[in-house]
Amino acid sequence: MDERGPAMELVHLLRAVTVEFDLLGAEFAARHGLHPTDVRALIHLLDAARSGTRATPGWLGEQLRLNSAGTTALVDRLERLELVRRSRDTVDRRRVLLEVEEKATRLGWAFFGPVIDEVVAASDDFDAGELATVRRFLVSVLESTRATRTP
């Protein structure tokens with residue numbers, strides 16, 4: 001095993017955090033009759049809304065690495081559960097946009113809110129410079145991880 005000191009410890013800690021978040025996501029999915037991919041789709045759609053990205057079924061399929069049929073089935077399922085709605089793009093009426101329904105946001109906050117509150121509270125122990133360093137590190141990890149994925 002390649003032990004590179006503090007850097008490897010960070011890798012192991014990131015993996016542990018990832019596993020914990022994955023377990024929380026699976027618990028949320030099971031509690032609400034969802035598939036883990038449904039939860040990932042909702043997260044992508046919430047992130048898109050937060051960043052101002054106009055989320056289409058094609059965009060969502062790319063994010064989740066699903067083919068067109070799989071994406072359609074996913075969106076149909078989320079729409080039936082009243083967690084997502086399709087709407088026509090006002091700029092290009094041929095394009096369909098996806099938006100998370102308020103019901104999904106309420107369910108998510110009810111389940112994940114306490115975890116989010118704990119993470120935010122944990123950040124209170126760090127000064128602005130330390131938080132900037134953590135942010136820079138996490139952004140770098142995210143970018144390097146995305147760069148190593150096979151398209």
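On the surface of this predicted model, L10, L13, V134, F137 and L138 make up a nonpolar patch with about 400 Å² of accessible area together. Patches here join nonpolar side chains (Val, Leu, Ile, Met, Phe, Trp, Tyr) within 5 Å, from residues with over 30% relative accessible area and no salt bridge, that is, no side-chain nitrogen of Lys or Arg within 4 Å of a carboxyl oxygen of Asp or Glu; areas come from the Shrake-Rupley method with a 1.4 Å probe. Helices α1 and α6 (128-148) each chip in at least two residues, and α6 gives the most, with three. L13 sits in α1 and is partly exposed, at 47% relative accessible area (buried is under 20%, exposed over 50%, partly exposed in between).

Residues are numbered from 1 along each chain. Local features need pLDDT of at least 70 and side-chain atom pairs 80 or more, while totals for chains, interfaces and linings use all residues; side-chain values use heavy atoms, without hydrogens or water.

Helix α2 (residues 36-51; helices are DSSP runs of H or I, at least four residues) reaches 23 Å from first C-alpha to last, close to the expected 22 Å (1.5 Å times one less than its number of residues). Its buried residues include T37, V39, L42 and L45, and α1 (6-31) and α5 (102-123) are among the elements covering the buried residues of α2. Right after α2, G52 takes a positive phi of about 80 degrees.

Three aromatic pairs turn up in the whole structure (ring centres within 6.5 Å; planes under 30 degrees apart are stacked, over 60 edge-to-face, the rest tilted). F111 and F112 have ring centres 4.8 Å apart and planes at 75 degrees, so this pair is edge-to-face. Together with F28, F111 and F112 form one aromatic cluster, and F111 is buried, at 12% relative accessibility.

Definitions and conventions:
Rings of Phe, Tyr and Trp (its six-membered ring) pair if their centres lie within 6.5 Å; planes under 30 degrees apart count as stacked, over 60 as edge-to-face and the rest as tilted. Buried means under 20% relative accessible area, exposed over 50%, partly exposed in between (1.4 Å probe, protein chains only). Contact means heavy atoms within 4.5 Å. Patches are made of residues with over 30% relative accessible area and no salt bridge: like charges are joined within 9 Å, nonpolar side chains (Val, Leu, Ile, Met, Phe, Trp, Tyr) within 5 Å.
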